[in-house]
Amino acid sequence: MIILSCNHISKAFGIDTILNNISFSINKGEKIGLVGTNGAGKSTLFKIITGKHSYDSGELYLSKNISIGYLEQHTDLSNQNSIFDEILQVFEDLIKLEAELRNLEQDISATSSDSKLQILMDTYALKSEEFQKKNGYGYSSEIKGVLRGLGFNEDEFHKPIYQLSGGQKTRVRLGKLLLRKPDILLLDEPTNHLDMDATEWLESFLKSYNGTILLISHDRYFLDQVVEKMYEIENKELITYNGNYTYYTQKKEVLFHQRQKEYLAQQKEVEKQEEIIRRFKQHGTEKLAKRARSREKKVDSIERIEKPLQFQKNTKIRFETQIKSGNDILKANNLSKSFDIHLLFKNVNFEIYKGEKIGLIGPNGIGKSTLLKMILENISYDTGSIVLGHNVEVGYFDQEQSELNLKNTVIDEIWHEHIHFTQTQVRTLLGSFLFIDEEVFKEISALSGGEKSKLSLLKLMLSKSNFLLMDEPTNHLDIVSKEVLEEALTNYDGTILVISHDRYFLNKVTNKTFDLSPDGLETYLGNYAYYQEKKNMFEETKPLPIESTQTKTQVKDARRKEKEKQLQERKSKKQLQELEQKIASLEEQMNDLQDLMCKEEIYSNPEKSKEINTQSATLKQDLDILYEQWENFSDDSL
């Protein structure tokens, strides 16, 4: 069933055409990824679908009674609300309905008129059924589940909005949108500001989402997990691929070579005809001049094949080392770091060897960036030591681009550090990072996030360091730029320690993984996919850690405590099961009473209806108590 379609949609801003003759249809329940270079028109298409932008020509069809949810970065939030209360606004209608039910219960108990009772009972039955269908008894738990999934802990639920960072506010907006459950979900970079755990939770949520999803994302791993169809906007047109991101890249490669072959063949034929026309004109006879004009008309009428985009921007960059390092790159021993009374991490030990490409992962706020800055000696550490090896020269990519001078122009930023380069050399280097023509004279303060990232990467490349520390290098980069960077780092002959939430990037570039936690650092001898596999295996079979320095008494005590803990867990699990059984039993009784209240022999008898209503109110109070206990059990188990 088609619920949304665009037929020959075109859109221009002034003289710049953004979308040209776009056509597609979306069926109910489809999950589709939308990709394209920065500025290709992806967000513009979203705004046309939501009615925020008009379109110049074409037709937009939206099925009746279809709701659209669009994740925007600047949707207003109420600064005085807590996180929980802000999200609770999604269920305003349900809260109002619950209040109406309570009022009806009171009216039913108080009325003595049979005719009025009949009306009240009918109304109560309808509203009660609606309340149940909308999960009226579980919306509080639903809110908590989504907030936890998006990375908020219980202590933050009542934190006021005005105290949140920009990234936290975006997560609140995303939570509100997901809980509204619109028929069509439009998501523009939803994994921004999410750590890996939250991203994986969102993947799971969207995979089981009953509605339709249209998703813009530079997170290729995320696209692979969620979507089954890809749309690409290229050269202002939209192309459809029936598969996930990996299928799309494979199919696109085949189509690219096919189009490139067709393009080159056409160019060769045009050049051949133009050469014939030139020769005819050179001879100067009227007969040959007519033949030349005839051929010119034919050449002019040829429908030209657009040069394939990759063929236009076949950018390659290369990271090289100026000097070779020794085999031992870095050794860290017993590192710890706190800010005031807040411990980031302790007991961090690791070694890095020449040629290793290591991904540094861990939850947001654990201190990954701090660890890189400790290696750079920009931040001191509380305990431990860091020793760099022989001939190790460190290069650093900062996700904040703090090393850029915002007052400089693009060309001066490079030239000031490499004064021996000619202007042609500098402009050629900048051109390889897609800074062309007048763009090289832009002030850095006016650049986009992606442009700043590219400039920082160029500076890092020119440093020719043999040990690269990189903090989220793929942030703000489009997919093409990410792939260019991945190829360059894969071919780099130095050593890399990189922080990234981009799992696709980590799988392609890294061959070792450091997992940072408050209690130390675990090493995994493979990329992110290997880490995931081993982590899951370790979690299932992880034994009780016992230090080698423990005495026999301490070992026995640790085992006793572990047994007590396991006994308590089994006891809690049994209590939880008993509690869930009680809830199920009371819910069944509630349903039975509601069925009774709808029967003529009950609602026509005031005494019986009041009796049933009183029982129902008592059960509701008991259920509320049990639900609260169940929530507390669920919270404790997380």
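Select Thr 321, Ile 323, Lys 324, Ser 325, Lys 354, Gly 355, Asn 466, Asp 493, Gly 494 and Thr 495: these residues line the largest cavity. The model on screen is a predicted one. About 50 Å³ of space lies inside this cavity, and the structure holds two cavities of 30 Å³ or more. Colour the lining by residue class and it divides into six polar residues, three charged and one nonpolar.

**Lys 316 and Phe 433**

Go next to Lys 316, in the loop between helix H11 (309-312) and strand S10 (328-339). Its relative accessibility is 55%, so Lys 316 counts as exposed. Now add Phe 433 to the selection. From C-alpha to C-alpha, Lys 316 and Phe 433 are 8.6 Å apart in space, while 117 residues separate them in sequence.

**Aromatic pairs**

The count of aromatic pairs comes to 14. Start with Phe 91 and Tyr 139. Their ring centres are 5.3 Å apart and their planes stand at 25 degrees, so this pair is stacked; the angle falls under the 30 degrees that set the limit for stacking. Trace the backbone from each ring: Phe 91 is in the loop between helix H2 (83-88) and helix H3 (92-110), and Tyr 139 is in helix H5 (residues 139-149). The pair links distant parts of the chain, 48 residues apart. Are Phe 91 and Tyr 139 buried or exposed? Both are buried.

Stay on helix H5 for a moment. Select Tyr 139, Glu 142, Ile 143, Lys 144, Val 146, Leu 147 and Gly 149, which are buried residues of H5. Beyond the helix, stop at Gly 151, which follows H5 and has a positive phi, near 100 degrees.

Then move to Tyr 528 and Tyr 531. Which kind of aromatic pair do Tyr 528 and Tyr 531 form? The pair is tilted, with 5.5 Å from centre to centre and 40 degrees between the planes. Both residues lie in helix H18 (residues 528-541), three residues apart, or about one turn of the helix. Tyr 528 has a relative accessibility of 3% and therefore counts as buried. Tyr 531 is also buried, because its relative accessible area is 10%, under the 20% that marks a buried residue. Add Tyr 221 and Tyr 524 to the view: ring pairs link Tyr 221, Tyr 524, Tyr 528 and Tyr 531 into a cluster.

**Charges over rings**

Two stops show a charged end placed over an aromatic ring. At Phe 13, look for the charged end of Lys 11, which sits over the ring at 4.9 Å from its centre. At Phe 152, the charged end of Arg 171 sits over the ring, 4.5 Å from its centre.

**Salt bridges**

The structure holds 27 salt bridges. Select Glu 86 and Lys 176, whose side chains meet in one of them at 2.8 Å, N to O. Glu 86 lies in helix H2 and Lys 176 in helix H6 (residues 166-180), so the bridge ties together parts that are 90 residues apart in sequence. Glu 86 and Lys 176 are both buried.

Asp 502 and Arg 220 are the next pair; their side chains form a salt bridge of 3.4 Å, N to O. Asp 502 lies in the loop between strand S16 (495-499) and helix H17 (503-509), and Arg 220 lies in helix H8 (residues 220-226), so this bridge ties together parts that are 282 residues apart in sequence. With a relative accessible area of 6%, Asp 502 is buried. Arg 220 counts as buried because its relative accessibility is 0%.

Keep Arg 220 and Asp 502 selected, and add Lys 482, Glu 486 and Lys 508. Salt bridges that share partners join Arg 220, Lys 482, Glu 486, Asp 502 and Lys 508 into one network.

The last stop is Glu 417 with Lys 459, where the side chains meet in a salt bridge of 3.0 Å, N to O. Where in the chain do Glu 417 and Lys 459 lie? Glu 417 is in the loop between helix H13 (410-415) and helix H14 (423-432), and Lys 459 is in helix H15 (residues 449-463). The pair links distant parts of the chain, 42 residues apart. Lys 459 has a relative accessibility of 11%, so Lys 459 counts as buried.

Notes
Residues numbered from 1 in each chain as written. Predicted model: local features only at pLDDT ≥ 70, side-chain atom pairs only at ≥ 80, totals over all residues. Heavy atoms only, no water. Phe/Tyr/Trp six-rings, centres within 6.5 Å; stacked < 30°, edge-to-face > 60°. Helix = DSSP H or I, 4+ residues; strand = E, 2+ residues; numbered from the N terminus. Buried < 20%, exposed > 50% of the residue type's maximum accessible area, 1.4 Å probe, protein only. Lys NZ or Arg CZ within 6 Å of the ring centre and 35° of its normal. Salt bridge = Lys/Arg side-chain N within 4 Å of Asp/Glu carboxyl O. 1 Å grid on protein atoms, 1.4 Å probe; cavity = no way out; pocket = protein on both sides within 12 Å on 5 of 7 lines; lining within 4 Å. Points joined across faces, edges and corners; volume = space filled by probe spheres on them. Nonpolar A, V, L, I, M, F, W, Y, C, P; charged D, E, K, R; others polar.
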